[in-house]
Amino acid sequence: MKRSIGVVEDDPNIRDIVKAYLDKEGYHVEALNSAERAWEFFEESPPDLWVLDIMLPGMDGYEFCKRIRQTSEVPIIIISAKDDEVDKILGLELGGDDYLTKPFSPRELVARVKRQLKRWTVMKPEEEETADMIIEAGHLSLNEAERSAYFKGEEVEVTTKEYDLLKILARKENRAYSREELLIKVWGEDYFGSDRAVDDLVKRLRKKMKELPLETVWGHGYRLRAHRDNL
């Protein structure tokens with residue numbers, strides 16, 4: 001069965017080039033010129049992966065990415081002329097799995113599409129198995145169906161990446177993860193940035209849940225400690 005890819009790009013030249021390269025690889029490609037049209041397509045026939053431009057007329061790529069992440073974890077590769085680190089981090093924080101700056105090589109995009117689809121294929125069975133699970137770790141509770149987080153019975157608003165990090169740590173309490181491991185698990189192997197992204201996530205989670213036993217393992221990474229008084 002052909003994998004389907006939604007390409008959302010308002011520049012017709014870039015859109016046609018991306019579609020041609022992906023067609024050549026045997027994917028079924030739906031090329032769309034706006035986020036509004038892409039949302040209609042998503043509701044009718046959701047693709048296996050999105051290639052998403054940020055600077056779009058009407059609804060921009062950031063908003064579209066946020067909407068997708070409310071109901072789906074399908075891979076999203078962001079393409080944008082914005083190359084500032086702040087823009088890249090924002091795109092990834094809102095749910096993007098990869099970020100490619102224009103101008104880019106179509107062959108590189110194809111390689112990243114293949115990698116993200118491979119990663120999605122590996123992860124999807126696990127996600128399906130845990131779709132209705134409640135993951136509990138002390139006073140922390142994660143609802144997989146809703147992708148919502150609760151601490152001491154109160155819901156805590158978390159971003160996609162914050163939730164992913166919490167889930168990894170909560171499923172294996174006391175297990176120390178290196179920053180590199182967490183980068184790969186949360187952002188993927190193609191993440192371009194430094195491991196400070198992990199530190200920033202941890203900092204925000206500690207601020208939101210002040211008594212969460214999220215410990216630093218000096219010189220290594222982090223773990224969620226299963227203290228007796230949190231069990």
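These notebook entries record what I looked up in this structure, which is a predicted model.

**Entry 1: the sheet**

I began with the strands. I found an open sheet of five strands, ordered E2-E1-E3-E4-E5, with parallel pairing. I then asked which strands stand at the edges. They are strand E2 (28-32) and strand E5 (98-101). Each has a single partner strand, so one side of each is left without a neighbour in the sheet. I also looked up the turn between neighbouring strands of this sheet, which on average is 15°, direction ignored.

**Entry 2: the pairing of E4 with E5**

I next examined strand E4 (residues 76-80), which runs parallel to E5 and is joined to it by four bridges. In this region I noted that Ile78 stands opposite Tyr99 in E5.

**Entry 3: helices across the sheet**

I looked up two helices that lie across strands. Helix H1 (residues 12-24) lies across strand E1 (4-8) and E2, and its direction is at about 175° to E2. Helix H2 (residues 35-44) lies across E1, E2 and strand E3 (49-53), and I recorded an angle of about 140° to E2.

**Entry 4: Glu36**

I selected Glu36, which has its place in helix H2. Is Glu36 buried, partly exposed or exposed? Its relative accessibility is 36%, and I therefore entered Glu36 as partly exposed, given that this class lies between under 20% for buried and over 50% for exposed. Beyond its neighbours within four places in sequence, Glu36 is in contact with Pro57, Gly58 and Met59. I also looked up its separation from Val8: the two are 28 residues apart in sequence, and their C-alpha atoms are 9.8 Å apart in space.

**Entry 5: Gln116**

I turned to Gln116, which lies in helix H5 (residues 106-129). Gln116 has 2% relative accessibility and therefore counts as buried, the cut-off for that class being under 20%. I asked which residues Gln116 is in contact with, leaving aside its neighbours within four places in sequence. They are Leu49, Pro75, Ile77, Asp97 and Asp98.

**Entry 6: H6 and H8**

Last, I looked up a pair of helices. The axes of helix H6 (residues 160-171) and helix H8 (residues 196-208) come within 10 Å and cross at roughly 85°. I therefore recorded H6 as roughly perpendicular to H8, a class that covers 65 to 115 degrees. From H6, the residues Lys161, Glu162, Leu165 and Leu166 meet Leu201, Val202, Arg204, Leu205 and Lys208 in H8. How do the residues of this contact divide by kind? I noted five nonpolar, no polar and four charged.

Definitions and conventions
Residues are numbered from 1 along each chain as its sequence is written. This is a predicted model: local features need pLDDT of at least 70, side-chain atom pairs count only at pLDDT 80 or more; totals for chains, interfaces and linings use all residues. Side-chain values use heavy atoms; hydrogens and water are left out. Axes are lines fitted to C-alpha atoms, for helices over the stretch in contact, and angles run from 0 to 180 degrees between N-to-C directions. Angles under 35 degrees count as roughly parallel, over 145 as roughly antiparallel, 65 to 115 as roughly perpendicular and the rest as oblique. Contact means heavy atoms within 4.5 Å. Ala, Val, Leu, Ile, Met, Phe, Trp, Tyr, Cys and Pro count as nonpolar, Asp, Glu, Lys and Arg as charged, and the others, Gly among them, as polar. Buried means under 20% relative accessible area, exposed over 50%, partly exposed in between (1.4 Å probe, protein chains only). Two strands pair if DSSP finds at least two bridges between them.
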